[in-house]
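Colleague: Please take one part of this model and go through it closely. I would like the strand order, the packing and the surroundings in one connected account.

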Amino acid sequence: MSRPSEDHNRDHFPILSSELTAALGAIEDMADDTSDTVLDSVVRGSPPVIFRAGGPMLKQFDESTASSRKGSQAPTPPRSVVGIGNKVAKPDYSEAKIVLAMVGLPARGKSYLSNKLMRYLKWLEYDVQVFNVGQLRRSRAHHKAQQSGILEDHTSNYFSHNNVEATKLREQLAEDSLEMLIRWLKRGGNVAIHDATNSTRMRRAKISARVAKEKGMSVIFLESICNDPAVIAANVALKVSSGDPDYKHLPREVAERDFLRRIKEYEAVYETITEPHLSYLRITDIGNEVTLSRINGYLQSRIAFYLMNLHVKPRNIFLSRHGESQYNVEGRIGGDSLLSERGLAYAHALPELVRNNIGDAPLIVWTSTLQRTIQTAAELPYPKLTWKSLDELDAGVCDGMTYEEIEQAYPEDFANRDEDKFNYRYRGGESYRDVVVRLEPVIMELERQENILIFGHQAIIRCLYAYFHDLPQADLPYINVPLHTVIKLTPKAYGCDEERYTLPIGAVDTHRPKPGSTISPPDVVPLSTSKREYFGTNVAFDK
């Protein structure tokens with residue numbers, strides 16, 4: 001007896017190709033074989049095994065596309081092809097208008113969360129800005145001191161709720177910051193983050209009431225709670241030792257005691273979120289426990305899922321391109337070629353380099369499904385996972401060609417790609433924007449993990465690097481990522497520190513600077529983007 005779904009398909013879709021019939025059968029078999037596994041994995045709170053790297057879904061997909069990953073023989077492109085691609089438009093996020101208001105005591109990771117979220121959403125091309133009330137306070141105090149010579153006292157007494165005058169000033173700063181971010185959203189922004197303590201029901205009620213007056217805007221609160229004394233102590237130490245103007249002229253011990261008194265002043269009036277009508281997320285100890293309430297819609301859910309995957313354990317992320325490949329030597333793009341002799345030498349030298357920098361710490365190695373990354377990682381004695389998402393940018397009909405051949409065959413399209421490399425999509429292939437989208441699951445898993453070493457490709461490493469260093473999309477396709485170099489990133493509270501290890505093994509230079517540009521991203525990239533910004537930029541006096 002036929003299933004109802006089969007009758008429906010027969011009535012409405014009477015003609016199926018043999019490939020589609022086989023695909024549908026494989027999906028039904030896979031659903032039957034893995035249903036228990038998916039349920040078990042979801043109950044445990046981890047991704048379903050069939051969707052993980054190395055899982056059966058990925059394995060079947062890789063096998064089904066094996067022919068597309070064979071080394072190209074760089075055939076002469078058919079002359080009937082006029083133009084090889086087009087530009088991909090930026091997604092229209094104009095309807096997304098969210099105010100995300102932070103909640104929490106000082107030294108609880110609010111600025112860490114807000115800056116991580118900003119970096120993630122900007123990487124996905126949302127227009128995001130953090131409006132930090134502390135920055136606004138310091139900027140206005142600095143401006144006042146320059147104009148009048150009067151220095152304001154921002155030690156713990158300023159934050160006492162018994163100090164009526166200072167309380168009024170702090171409330172005014174919070175309201176001014178809120179007005180600034182609302183104006184910014186009206187000018188086209190998508191997500192505005194109100195980085196402040198917002199620690200009382202009264203303050204949160206004011207924020208909710210003000211945002212409710214604006215058509216199309218919604219507000220969600222993000223409360224950060226930390227119960228770990230060691231983490232709090234580390235946050236306090238970072239606060240008073242990293243150049244905070246509030247404590248610029250005070251000895252460290254005095255500054256720490258005063259900052260702890262500031263925390264006590266906030267604790268005296270702090271009210272955790274219990275309002276049943278609010279949309280909010282409560283994160284306890286950065287990832288140990290997450291509470292969600294009234295989170296609705298695509299963007300809010302996306303924000304919640306990202307924040308649920310964060311942690312603050314010390315870790316390193318190592319990025320490296322594969323060793324020099326045969327196609328690199330020939331100047332060809334794409335393909336699935338093997339390593340050259342120098343590429344094999346790089347693979348042989350890697351175990352000692354990695355061991356000297358990671359020691360006995362646990363490490364997991366990720367590669368793409370292409371031979372050159374798997375070969376590069378072959379001698380490393382660590383667990384390995386392959387990711388289809390880490391495969392090189394797909395050059396479509398240009399796969400296996402040299403840039404000279406592409407320019408000769410498709411001069412107009414060659415020029416168009418040089419003009420807007422991030423948005424340009426090869427026919428039958430991808431743009432850098434497409435690669436960013438497919439790398440989102442990789443970013444999500446990276447935020448969950450500890451020490452990871454990734455062997456990828458030039459476009460892939462550029463995209464991941466830009467995420468961790470918060471680099472603009474326009475510069476992303478021109479980041480110089482040389483061969484035979486390991487990049488060590490150490491995530492910090494406000495960015496990343498970086499070290500580079502280049503092995504003395506020669507390799508071709510595959511970097512192509514932006515044509516016609518007199519100013520290009522530097523070959524020597526910033527070694528650190530983890531310094532905190534204490535004074536606001538562009539918004540301090542926006543009235």
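Modeller: Here is a close look at one sheet, followed by what lies around it.

First, the ground rules. This is a predicted model, so local features need pLDDT of at least 70 and side-chain atom pairs count only at pLDDT 80 or more, while totals for chains, interfaces and linings use all residues. Residues are numbered from 1 along each chain as its sequence is written, and side-chain values use heavy atoms, with hydrogens and water left out.

The chain comes to 18 helices and 14 strands. Both kinds are DSSP runs numbered from the N terminus: helices are H or I with at least four residues, strands are E with at least two. Of its 543 residues, 51% count as buried. Buried means under 20% relative accessible area, exposed over 50%, and partly exposed in between, with a 1.4 Å probe and protein chains only.

Now the sheet. Six strands make an open sheet, ordered 3-4-2-5-6-7, with mixed pairing. Two strands pair if DSSP finds at least two bridges between them. Strand 3 and strand 7 (289-293) are the edge strands, and each pairs on one side only. Neighbouring strands are turned by 15° against each other on average, direction ignored. Axes here are lines fitted to C-alpha atoms, for helices over the stretch in contact, and angles run from 0 to 180 degrees between N-to-C directions.

Start with strand 2. Six of its six residues are buried, so strand 2 is largely enclosed by the rest of the structure. Ile98, Leu100 and Met102 point one way, while Val99, Ala101 and Val103 point the other. In a regular strand the side chains alternate between the two faces of the sheet.

Strand 2 runs parallel to strand 4, joined by four bridges. Ile98 has Val191 in strand 4 as its bridge partner. Strand 2 also runs parallel to strand 5, through six bridges. There Ala101 is partnered by Phe221 of strand 5. Phe221 has a bridge partner in strand 6 too, namely Tyr280. Strand 5 (residues 218-225) and strand 6 (residues 280-284) are parallel, with five bridges between them.

Next, the helices on this sheet. Helix 6 lies across strand 2 (98-103), strand 3 and strand 4 (191-195), at about 170° to strand 4. Helix 10 lies across strand 2, strand 4, strand 5, strand 6 and strand 7, at about 35° to strand 2.

Aromatic pairs involve both helices. Rings of Phe, Tyr and Trp (its six-membered ring) pair if their centres lie within 6.5 Å; planes under 30 degrees apart count as stacked, over 60 as edge-to-face and the rest as tilted. The count comes to 10 aromatic pairs. In one of them, the ring centres of Tyr120 and Tyr306 are 4.0 Å apart and the planes stand at 5°, so the pair is stacked. Tyr120 sits in helix 4 (residues 110-123) and Tyr306 in helix 10 (residues 298-308), so the pair ties together parts that are 186 residues apart in sequence. Tyr120 and Tyr306 are buried.

Another pair is Phe131 and Trp184, with centres 5.9 Å apart and planes at 65°, so it is edge-to-face. Phe131 belongs to strand 3 (residues 128-132) and Trp184 to helix 6 (residues 164-186), so this pair ties together parts that are 53 residues apart in sequence. Phe131 and Trp184 are both buried.

Finally, the nonpolar cores. A nonpolar core is a set of buried Ala, Val, Leu, Ile, Met, Phe, Trp, Tyr and Cys residues joined through side-chain atoms within 4.5 Å. The largest has 71 residues, and Leu307, Leu446 and Leu464 have the most contacts inside it. Helix 18 (residues 458-469) gives the most to this core, nine residues. Apart from it lies another core of 28 residues, including Val103, Val211, Met217 and Ile273.

Contacts (heavy atoms within 4.5 Å) often span the sequence: residues 24 or more positions apart account for 73% of those in the chain with a separation of 6 or more.
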